[in-house]
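Colleague: Could you take me through the labels you put on this one? I'd like to hear what each label rests on.

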Amino acid sequence: MTTALAPTAVPARLTALESALGDPFADDNPLGLRAALEADERGEMFEAGEEALHEYGLGAEFVPTQYGGRLDRLDHLVEIMRSVYRRDPCLGLGYGASSFIAGVNLWTAGSDEQRRHAAELLSSGRRVAVAYHELAHGNDMAGTEFTALPGPAGLLLNGRKEIITNVRRAEAVVIFARTAQRPGSRSHSQLYVDKSRLPGGHLKYLPRYRTSGMRGVQLGGIEFQNCPLPESAVLGTPGHGLENALRSFQVTRTTLVSMFTGAVDSALRGTVGHVRNRRLYGRTAADLPHIRAVLAAAFSDLLTADCFATVATRALHLLPAQTPIHSLAVKFFVSRTIMDVMNQLSAVLGAHFYLREGPAAGFQKLLRDIQPAGFGHAARAACQVSLLPQLPLLARRSWLGEAAAPAELFRPGAGLPPFDFRQLVISAAGRETLSTSLAAGLAAMPDGTGPAYTALRAHGEYFAGELVTLAEECASLSPAELSVGAKSHTYDLTTRYVKVLVAAACFETWRHAQGTGAFLAEPAWAAAALHRLRTPLGAPRPSLPDCLEQPLWEELLHRCAGSNGLGILPRPLAGSHG
């Protein structure tokens, strides 16, 4: 059974936030799922939730401590935001994460004056929006048509950005713009635009977009016509906007998708409560072997996704030079996994999953709201396209080596050095030690017995061998095979590599938990993770063998009954359900 968390695992303010937000499943909780669903039905932001987060001071969580905020550890920020997403993903994005995305660009490349101005806005509960993409160009940021070209007294803004979260409600906007007409990556910059300082008559708001998920999020656009802006509005060195954005993406791709696991926690918890209360054929639905198998597998997949995201988040602190690889892999794997979990749960709920009334009504909202995890900010396919060209260099420089990542990477909740945005780099240059940690971990694997232990060793040896095979296949790939026009079997190499990364994260997290007495020290969860990862590409994931399914099912019920989180750190949550 789950043991208590170490004192370092949960910041005190997270406990305070959980307590203030209350039990999400309580019908009489004005900050719970039912109240959030009512706002969603109206297509509005959850006003009571925004007021509670304003009182808590959520904006300060996005501001580094050196600028008066509370941001020192990214894993703590993820945990805090999971509490919000657990109740309303729309609130998590619309009130919080959109400002975090904008802020990361400022902390990465902004001047001291720009950072202090943004810090003051966020710490006082106001907002900063970010405008990256344009509808005509999607993820092709180099094709940006929005311009900030030299004018009589600085720069002149011209063009439009169509889909921006909170653009009307934000006091400032970070804008990605073309600042030179010549071709190439050095023709773009990021701008920090304080809307209160803009002269009148040059800015027009575009109509709001209505969406099927995240209904309350205020999505709209802006259009500028010859709007003057001082050159001091540029973030960092002019022409380095694309590099600044790519560095910022390493933080946001890793952390944002991890925040969505809070919504999956609520969905899985609610589904467990549903099947335990629903009677079929003279017994509860939870007594049916197939239902238990699906829910145990869903729990396994959630643990796997959370483990990988947690390791990658800790790597931002400990291995910042390698996070250009980790961030792409996290967005690619975790987003797909949590959406698959939601689909598994919808099959268990059957016709109940789309009901808008009754005990299961919140599920359809969570299912709709989680979809942006796969395409929002940067699509999964774009991450795969970016990862593919790096495989040959990784194969030659890293995959056949014996280097291992530091042990601290695999100890969730343990101490971390403060995060330094200045350490982010554009390229990992073929250096990556998470995947090679698996072979080193197998060599140091503690003695054990039982079918779960035996399965874990066998799966670990398979993925260690898979890395060797990948090294042989990828080292000789030609440049023609690394373009966006690569064939599907070449893109499959990226999927196989990401699975090795995930397997290494789970195996090493299990190994470094030995002696703690926690559930993470039990081999069943890690063996289940690797068992599910071994699914051949394109095939349905296999069910878990009884020796792995039973302990996961028992742990799931135990956590639901005790109101503990369903991630790798079973932290205490407000309320109880299931």
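Modeller: Sure, and let's start on the surface: Leu 135, Ile 163 and Tyr 209 form a nonpolar patch with about 280 Å² of accessible area together. This is a predicted model, where local features need pLDDT of at least 70, side-chain atom pairs count only at pLDDT 80 or more, and totals for chains, interfaces and linings use all residues. Residues are numbered from 1 along each chain as its sequence is written, and side-chain values use heavy atoms, with hydrogens and water left out.

Colleague: What makes Leu 135, Ile 163 and Tyr 209 a patch?

Modeller: Patches take residues with over 30% relative accessible area and no salt bridge; nonpolar side chains (Val, Leu, Ile, Met, Phe, Trp, Tyr) are joined within 5 Å, like charges within 9 Å. The areas are Shrake-Rupley values with a 1.4 Å probe, and for residues only the protein chains shown count as cover. Ile 163, in strand β3 (residues 154-165), has 42% relative accessibility.

Colleague: Why is Ile 163 called partly exposed, whereas Ala 347 counts as exposed?

Modeller: Buried is under 20% relative accessible area, exposed is over 50%, and partly exposed is in between (1.4 Å probe, protein chains only). Ile 163 has 42%, so Ile 163 counts as partly exposed. Ala 347, in helix α10 (residues 323-349), has 61%, so exposed is the word there.

Colleague: Why do you say that helix α11 is largely enclosed?

Modeller: Because 9 of the 9 residues of α11 (residues 361-369) are buried. Among them are charged ones: Lys 365, Arg 368 and Asp 369. Those three also belong to a network of salt bridges with Asp 40, Glu 41, Asp 88 and Arg 215. Helices here are DSSP runs (H or I, at least four residues), strands likewise (E, at least two), numbered from the N terminus.

Colleague: What makes Arg 169 and Glu 50 a salt bridge?

Modeller: A salt bridge needs a side-chain nitrogen of Lys or Arg within 4 Å of a carboxyl oxygen of Asp or Glu. For Arg 169 and Glu 50 the closest N and O atoms are 2.9 Å apart. Arg 169 sits in the loop between β3 and β4 (172-178) and Glu 50 in helix α3 (residues 47-56), so the pair ties together parts 119 residues apart in sequence. Glu 50 is buried at 12%, while Arg 169, at 24%, counts as partly exposed.

Colleague: Which side chain meets Glu 79 in a salt bridge?

Modeller: That of Arg 571, at 2.5 Å, N to O. Arg 571 lies in the segment after α19 (546-562) and Glu 79 in helix α4, so this pair links parts that are 492 residues apart in sequence. Both residues are buried.

Colleague: How many cavities are there of 30 Å³ or more?

Modeller: The search finds 4. On a 1 Å grid over the protein atoms alone, a cavity is a set of points where a 1.4 Å probe fits but cannot get out, and lining residues have an atom within 4 Å of a point. The largest holds about 270 Å³, a volume being the space filled by probe spheres set on the points, which are joined across faces, edges and corners. Of its 24 lining residues, the closest to the centre include Glu 79 and Arg 571.

Colleague: How does the lining of the largest cavity divide by class?

Modeller: Into 8 nonpolar, 9 polar and 7 charged. Ala, Val, Leu, Ile, Met, Phe, Trp, Tyr, Cys and Pro count as nonpolar, Asp, Glu, Lys and Arg as charged, and the others, Gly among them, as polar.

Key: On a 1 Å grid over the protein atoms alone, a cavity is a set of points where a 1.4 Å probe fits but cannot get out, and a pocket is an open set with protein on both sides within 12 Å along at least five of seven lines; lining residues have an atom within 4 Å of a point.
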